[in-house]
Amino acid sequence: MSGLIQVVINGLMIGGVYALLAVGLTMIFGVMKIINFAQCEYLMLGMYLTYCLYNLFHMDASNNPYIFIIPVAVIMLIFGIVIYQIFIRPIVGRDMVSYILLTMGLSYVLQNAAQIIWTANPQSIDTAIKSKSLYFAGLDLSVPLAKLVAFVLAVAFVLMVSAFLKNTDMGRAMRATSEDAQIAALLGINTKQSYLLAFGLGSLFAGVAGVLLSPIYTVYPRIGTLFSTTIFAVVILGGLGSVAGALFGGLLIGIVENLVGTYLALDLAPVGVFVLFIFVMLLKPNGLFGVGGRKA
Amino acid sequence: MGAVLKIKDLDISFGGVHAVDHLSFEVERGEILGLIGPNGSGKSTTVNIISGLYTQDGGEIVLDGTDLNKKDIADRVHLGIGRTFQSPKPFLSLTVYESVYISALLHNRSKQVAKEETERVLEFMGFSKLAWTSSSKLPVEKRKWLDMARLLPARPKVIMLDECLAGLNPAEMNESLELVQKINSEGVTIVFIEHVMAAVTKICNRVVVLNEGKRLSEGPPAEVMRQEKVIKAYLGKGYGDA
Amino acid sequence: MIKLKSKSTVIVLVLLVLFFLFPLMSKQLFGNTGNYMLLIAFNIIMYTAMGSTWNIIGGFGRQISWSHAAFFAIGAYSAMIPLVRWNISPIVGILAGMVVAMAAAFLIGFPAFRLKGVFFSLCTLACGQIVYRLLLHFTGFTGGASGLVMKKINSDRALMLLFKNNNVYYYMMLLLAVLVVAVCIIIEKSRLGYYLKAIREDEVAAESLGMRPNQVKLCAFMISAVLMAVIGAIYALRFKYLDPESVASHDLAIRIGMTVIVGGIGTVWGPLIGAIITVPLLELTNAYFGNMLNGGLSQLLYGLILIIMVIFMPDGVISIKSLWQNHKVKGGL
Amino acid sequence: MRKKSMGKIMALVLVVSLLAAGCGSGGNTAQPTNGGTTEKANSEASSEAADTTAVSVVKIGFLNPASGNDAESGMLDTEGARLAVKHINDSGGIKALGGARIELIEADTTSDAKQAPSVAERLITSNSDLSAIVGTGFSGLTLSILPITEQYEIPMVTNSSSDDIVAQGYEYIFKVAPLSSDFGKLQVEFIQNLNEQYGLDLHKVGVVYVNNSYGINTAAGVKSMAEAAGLEVVVDQSFPAGFTDASALVTTLKNAGAEVIFPIAYTNEAKLIYDTMKSMNYNPLIIAGGGGFLWPSLGNALGDNINGTISAASWNWDSKNILDNPELVKVYESFEAEYGHYMTEHGGPNYLAVWAVKEAIEKCSSTDPKAIREALASLTEEDSVYLKIMQPGTLGFNESGWNDGTKPVLIQWQDNKPRTIYPLDMASSELILPDSLK
């Protein structure tokens with residue numbers, strides 16, 4: 001029994017990580033109706049930023065990287081905006097195909113820029129938290145601390161974002177844009193601005209995720225590719241542009257992955273995820289928290 | 001004569017909204033029936049149900065004695081239901097000819113026949129000169145006519161025209177109305193969704209007035225439009241029209 | 001009109017002849033690097049073929065599919081496994097592969113086509129991943145990640161489709177590519193082609209004319225899958241080594257689509273142009289910049305060039321024509 | 001008319017690109033940022049025949065991934081080869097050819113077996129005076145290149161491990177590294193010794209390996225050996241390369257009660273596994289199957305946590321045969337000076353590979369690939385001290401082209417460096433028994 005509980009806990013923890021990554025993607029996705037294939041490269045950059053800052057301040061095992069959340073977030077926000085202005089803006093309003101090709105190219109560029117700067121060798125930060133955990137001897141359960149932090153902050157973020165979307169003018173503008181860009185424009189909403197914002201925030205979240213994941217993973221130029229396909233599944237599973245959906249989807253996929261991985265075969269864990277994904281698509285094409293707008 | 005299309009007790013609601021509320025009416029063969037009513041009275045919803053885009057919660061649709069309930073959109077087209085959309089839906093990158101040809105292909109085994117059919121329809125709809133123009137180059141009224149033209153190769157029994165006058169100037173309206181009558185004169189029954197009353201009174205033999213998803217009244221346009229409740233329904237909704 | 005048409009056909013024929021004679025000319029043209037040029041030409045032809053098959057569903061019907069690497073892999077493995085494991089002629093394997101690919105296309109397409117646009121794309125991405133993982137997992141059969149390798153060929157065995165001279169495979173692929181392009185030309189002017197175009201433009205309108213879009217799409221999807229399988233088989237025979245990473249990974253799936261999009265999606269000649277550009281581009285960046293700056297430079301440039309292309313040639317290189325020619329619509333059917 | 005213009009474009013693009021690729025095929029004008037030179041365009045070189053007497057430069061091709069997933073270990077391979085070239089040229093080049101210098105012509109195979117063949121073909125055809133090739137470190141890439149080296153009859157010396165490489169009947173391939181399946185024998189043997197020596201009863205073992213060519217082959221070896229030795233394999237689990245979560249894996253191992261695990265993984269996966277084990281305070285004896293467990297980057301990633309870890313290695317820098325030999329000691333010292341980390345399992349064999357080619361050329365005093373192939377086949381460690389660098393200090397290729405004398409060793413991470421601990425005649429330091437076993 002405790003075995004099963006442990007598996008579910010493991011699933012929840014990694015699920016939190018997925019959710020954290022998915023929030024940024026789903027935001028861009030919801031507002032602009034495009035998949036940003038470069039999203040996970042933002043994560044990679046966030047991790048490298050953390051790595052650099054960590055070494056810049058000569059931190060060692062006794063520290064942990066979480067103090068860098070704010071600076072990294074700010075830098076990544078600016079980065080996201082710059083990227084949007086340079087690459088995305090010229091093609092706003094084009095069909096899906098252009099976005100796919102462009103963001104693909106972007107991910108190539110970022111990956112290899114990183115390889116040029118930091119080489120292909122995995123780097124990692126020296127912090128004690130990476131292998132700490134809450135251990136319940138009685139139940140023989142353990143919860144890895146770094147992941148727990150990531151999980152909690154992921155949830156916190158999701159709440160903050162939904163609050164932002166509900167209660168601020170910017171947020172409302174973005175929601176309106178995601179409902180129907182044309183009508184929003186008619187209502188005098190500056191959709192271009194919403195796009196810009198969505199893209200900036202998307203990269204900001206990826207950056208924060210980068211900070212939170214830096215104790216758990218080593219960082220190397222292609223680390224993003226580990227997550228990309230799963231994250232797409234999470235976003236669609238949760239429902240177009242639904243932030244809560246991203247959280248739920250992330251957790252669900254995390255659990256399925258661990259159940260299949262533990263009781264069937266690790267190699268097949270991704271298969272389990274994608275099969276689940278396809279089933280949900282068929283039963284609930286709008287995703288679990290979907291709000292229509294399926295005809296993309 | 002007799003009814004070509006029978007709508008019995010049709011009912012659908014979205015969430016809380018009871019869009020169509022136990023609606024029943026019949027369409028006589030060869031007539032032009034005006035389906036009118038203020039915005040949100042359920043006209044378009046009714047059309048969407050009849051054409052198979054939505055599935056009703058309850059009620060029957062019978063075309064020439066065949067029950068359409070179990071039929072999908074394509075089946076209904078083949079059985080003789082045609083419809084246009086409020087905003088025209090041209091195949092932008094295709095020419096006028098190709099747009100009609102596609103429809104012709106769908107309803108003719110032989111390509112040769114399909115081509116002849118296409119020629120005929122273009123001729124009939126006055127598109128012959130524009131045949132090789134790209135749909136994307138057409139002005140809005142012509143796009144609406146192209147939508148109608150595309151329906152003809154299916155040899156429909158009933159065509160439902162959803163606000164085919166919206167956004168047109170008087171001259172274009174008249175042209176459109178002539179086209180509609182021309183199609184009707186070929187023996188095609190027309191269901192004419194509109195709220196430009198002048199047009200309706202001009203070409204419709206009969207109108208059915210909807211309000212809040214219910215049938216409010218029915219009869220020859222002239223007398224229906226005099227009825228207290230009908231006027232109220234419109235004025236109530238802030239429509240004093242034509 | 002007629003004159004122009006014939007003119008363009010002449011150009012295409014010239015190209016065809018060029019490709020046909022290339023194995024004979026390459027040595028004279030490029031000296032020692034002739035064989036390498038031949039390999040590039042082979043890749044151009046292969047990606048033209050792959051792109052064209054993808055184009056049937058991805059271009060004409062604008063259903064962007066990321067599962068075509070899976071069909072390629074299915075074809076490749078169906079030819080290789082019987083040959084390596086039981087010494088059965090690839091001819092049998094190719095036929096089997098076509099059947100399997102068609103079945104796979106049905107299994108993938110049937111659910112996937114219930115989704116639209118981006119969602120369809122991501123669903124196919126997931127399906128492609130499933131095939132990739134299965135190839136990795138069933139090691140005993142597919143060799144898993146260690147891949148399948150062919151023994152050294154010491155003598156030609158026509159029935160086994162094993163030839164020492166790679167030009168044989170060059171011509172096989174060329175023939176196949178011509179065939180595929182021909183199929184595309186036929187489809188474009190066929191019933192199926194028009195239905196696909198209608199779906200691309202407005203699926204709801206198409207359905208309201210009495211079309212069953214999902215049947216049309218599924219049909220196109222299966223045709224394209226079957227052709228893709230054959231291409232995969234020839235690839236396997238030519239290169240004599242297969243592993244899931246190189247034939248089933250979604251990098252390949254994306255590269256196939258990218259080739260078409262760069263050239264001009266939904267056009268018969270887009271894939272050819274795309275292949276003629278992207279294949280040498282990859283070689284050039286690799287040759288000039290391969291080992292520079294920690295090995296990052298080549299791919300970086302590749303990505304940058306893609307981005308620039310998207311921004312300045314939204315409809316692919318084929319759209320350059322619009323620079324000196326305003327959109328006239330050609331007549332005749 | 002669209003067609004007309006489009007036809008133009010196609011014709012133009014085709015010609016341009018082919019010509020471009022033509023010069024591109026050789027071309028690299030830019031100076032490399034590193035030891036070797038990247039591929040050079042040399043039209044005159046292609047015409048000049050391989051002359052045995054008056055050659056000033058001997059060209060050795062070097063194929064390894066510099067981009068993509070495998071770029072990291074590609075780099076580790078490169079270091080060894082570059083150092084060898086440096087040493088050879090500094091010590092007066094190839095005597096038999098009047099002190100000809102060696103030029104290492106590096107090409108990036110990428111990590112894609114689709115791309116690798118054309119890179120190899122380009123390297124060979126655009127350098128017609130190429131004498132031999134060193135590479136690659138990856139079975140998949142090597143296997144995809146084999147038909148080409150065979151076609152051009154150019155010997156290739158590889159340090160990739162898969163048993164398939166020398167099993168396809170190709171004649172121009174030489175494999176210096178031990179078979180990955182040999183690792184298992186050593187690992188199992190070691191456990192049995194432990195049990196005797198320290199009176200332990202380790203019999204429940206778990207084999208977990210990354211699902212790639214290297215992982216599968218190595219794991220297959222250790223499984224069969226373990227079963228043969230009467231050990232109980234309680235977990236036999238492969239995991240996808242680049243998985244994001246080790247908890248399922250570790251949970252399985254823990255629940256199965258594995259006392260010893262034989263992991264095969266690369267840096268990121270290994271880090272995940274270690275951290276997760278620690279977080280679930282599960283401390284089995286780890287006897288890894290090489291790969292990432294020998295890389296400096298894992299040492300950095302795990303810090304002190306890595307100390308105590310045992311791993312099989314196809315080569316290690318401080319085995320007896322090296323420590324007892326001042327010449328070879330100089331080699332790894334200069335390596336550390338050059339690259340700032342210990343000489344890796346990749347560095348050593350590639351260093352050897354280049355020397356092997358060099359000595360072969362000395363033997364046949366010719367730059368003709370065929371002659372070099374024959375010379376390689378008859379090479380022994382007696383031909384040069386540097387050929388003694390592989391454990392146990394022997395070199396000699398059998399008819400399949402495998403250096404069958406070579407044996408893997410076991411290392412233990414001590415003070416963040418892998419030290420040879422087994423077999424004892426190769427050992428440079430004592431095993432430090434992990435606390436969990438005391």
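**Chatting about chains and domains**

The C-alpha centres of domain 1 of chain D and domain 2 of chain D lie 32 Å apart.

User: Hi! Before we start, what kind of model is this?

Analyst: Hello! This is a predicted model.

User: Okay, so where does domain 1 of chain D run, and where is domain 2?

Analyst: The domain assignment puts domain 1 of chain D at 33-178 + 329-388, while domain 2 covers 182-313 + 409-437.

User: How many residues of each are in contact?

Analyst: On the domain 1 side there are 12 residues, in contact with 11 residues of domain 2 of chain D. Helix H3 (71-90) and helix H5 (139-152) of chain D each give at least two residues to that side of domain 1. By class, the side of domain 1 that touches domain 2 has three nonpolar, six polar and three charged residues.

User: Switching to whole chains: which pair shares the most contacts?

Analyst: That would be chains C and D, out of four pairs of chains in contact.

User: And how many residues are in contact between chain C and chain A?

Analyst: There, 37 residues of chain C meet 40 residues of chain A. Helix H5 (117-137) of chain C gives the most to chain C's side, with 13 residues. Helix H12 (250-263) and helix H14 (297-312) of chain C also give two or more residues each.

User: What classes are the residues on chain C's side?

Analyst: They divide into 26 nonpolar, eight polar and three charged.

User: Last one: how far apart are the nearest C-alpha atoms of chains A and B?

Analyst: They are 14 Å apart, and those two chains do not touch. Chains B and D have no contact either; their closest C-alpha atoms lie 15 Å apart.

Conventions. Residues are numbered from 1 along each chain as its sequence is written. Chains are lettered from A and ligands numbered from 1 in the order in which they are written. This is a predicted model: local features need pLDDT of at least 70, side-chain atom pairs count only at pLDDT 80 or more; totals for chains, interfaces and linings use all residues. Two residues are in contact if their C-beta atoms, placed from the backbone, lie within 7 Å. Helices (H or I, at least four residues) and strands (E, at least two) are DSSP runs, numbered from the N terminus. Ala, Val, Leu, Ile, Met, Phe, Trp, Tyr, Cys and Pro count as nonpolar, Asp, Glu, Lys and Arg as charged, and the others, Gly among them, as polar. Domain bounds come from an automatic or database domain assignment.
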